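Here is a friendly walk through one protein chain, from its fold to its charged pairs. Have a look at the model first, and then we can start with a single residue.

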Amino acid sequence: MTTDAQKRAQKKYDEATKGKWRMIHLKLNKETDADVIEKLVREKPDCTLGLATGSSPVGMYQELARRCKEEGLDFSKVHSVNLDEYVGLEPTHDQSYRYFMNDNLFDHINIDKANTYVAKGTGDV
C-alpha cells in the first residue's frame, strides 16, 4: 500500500524529471525524500544533485548513507552542488558548509569529492 507521502514524492519526482533539468524540493520526511534521491541516482547515476545544509536534510543524509553502506546505493558518478558558504571560513573550519557536507554526507558515501562543489568562503571559486 502506497502512503500519501510516497504518492506526493512520486508526483514531485515525475513532474521534475520531465525536462532536461530536474529540480525537486524535498521536505516530506527523511525516508521519502531519500526514496526520491535514490530513484534519481539509480536511474541516472551521473546526475547532479543540488544539496542543502542546515538541520532539515540531516536525517535524509543519514538515510542515504545507510542505503549506500547497507544496500549498495552508488554515488560514485554523482556530482553535487552547494551554493552557500560563510565568508572567511576555510573548508576545514567546523562551522563551514564544506565541513558540514563532509561530516553529514560525503564522508559516509562513495562520492568522489572532486565531483562535489561547495562555494569557498575565502573568495575563490
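Which residues does N115 touch, not counting residues up to four places away in sequence? In this predicted model, the partners of N115 are S76, V78, H79 and S80. N115 itself sits in the loop between α4 and β3 (116-118). With H79, the C-alpha separation is 4.8 Å, although N115 and H79 are 36 residues apart along the chain. N115 has a relative accessible area of 17%, so this loop residue is buried.

## The overall fold

Let us step back to the whole chain. The protein chain contains 4 helices and 3 strands, and read from the N terminus the order is α-α-β-α-β-α-β. Of its 125 residues, 40% are buried. If we take the contacts between residues at least 6 apart in sequence, 65% of them join residues at least 24 apart. The accessible surface amounts to about 7,900 Å², and carbon and sulfur atoms account for 51% of that surface.

## The nonpolar core

In soluble globular proteins, nonpolar side chains tend to be buried together. Here, the largest nonpolar core is made of 24 residues, and V41, L49, Y61, L64, F75, M101 and L105 have the most contacts inside it. Helices α2 (30-43), α3 (58-71) and α4 each contribute at least two residues to this core, and α3 gives the most, with 6 residues.

L64 is a good residue to centre your view on. Leaving aside neighbours within four places in sequence, L64 contacts A34, I37, L73, F75, L105 and I109.

## A strand residue and a surface patch

N82 belongs to strand β2. Is N82 buried or exposed? Its relative accessible area is 2%, under the 20% cut-off, so N82 counts as buried. Beyond its neighbours within four places in sequence, N82 is in contact with L51, A52, T53, M101, F106, Y117, V118 and A119. One of these partners, M101, is also among the residues with the most contacts inside the largest nonpolar core.

Another of the partners of N82, Y117, takes part in a nonpolar patch on the surface. V81, L83 and Y117 form this patch, and together they have about 270 Å² of accessible area. L83 lies in the loop between β2 (79-82) and α4 (97-104). With a relative accessible area of 68%, L83 is exposed.

## Charged pairs on helix α3

Side chains of opposite charge can pair when their charged atoms come close. Across the whole structure, a search finds 9 salt bridges. Three of the pairs are set out below.

| Salt bridge | Closest N to O distance |
|---|---|
| E63 and R67 | 2.8 Å |
| E70 and R66 | 3.1 Å |
| E71 and R66 | 3.0 Å |

Why can E63 and R67 be about one helical turn apart? They are 4 residues apart in helix α3, and that spacing is why about one helical turn separates E63 and R67. The pair of E70 and R66 is likewise 4 residues apart in helix α3, so about one helical turn lies between E70 and R66.

The surroundings of these side chains are worth a look too. Both E63 and R67 are buried. E70, in contrast, is exposed, with 56% relative accessibility. R66 is partly exposed, at a relative accessible area of 30%, and E71 also counts as partly exposed, at 42% relative accessibility.

These pairs belong to a wider arrangement. D35, E38, R42, E63, R66, R67, E70 and E71 are linked in a network of salt bridges.

## The cysteines

A disulfide is a covalent bond between the sulfur atoms of two cysteines. How many disulfides does the structure hold? The number is 0. C47 is buried, at 3% relative accessibility. C68 is buried as well, with a relative accessible area of 13%.

Notes
Residues are numbered from 1 along each chain as its sequence is written. This is a predicted model: local features need pLDDT of at least 70, side-chain atom pairs count only at pLDDT 80 or more; totals for chains, interfaces and linings use all residues. Side-chain values use heavy atoms; hydrogens and water are left out. Buried means under 20% relative accessible area, exposed over 50%, partly exposed in between (1.4 Å probe, protein chains only). Contact means heavy atoms within 4.5 Å. Accessible areas come from the Shrake-Rupley method with a 1.4 Å probe; for residues, only the protein chains shown count as cover. Patches are made of residues with over 30% relative accessible area and no salt bridge: like charges are joined within 9 Å, nonpolar side chains (Val, Leu, Ile, Met, Phe, Trp, Tyr) within 5 Å. A salt bridge is a side-chain nitrogen of Lys or Arg within 4 Å of a carboxyl oxygen of Asp or Glu. A nonpolar core is a set of buried Ala, Val, Leu, Ile, Met, Phe, Trp, Tyr and Cys residues joined through side-chain atoms within 4.5 Å. A disulfide is a pair of cysteine sulfur atoms within 2.5 Å.
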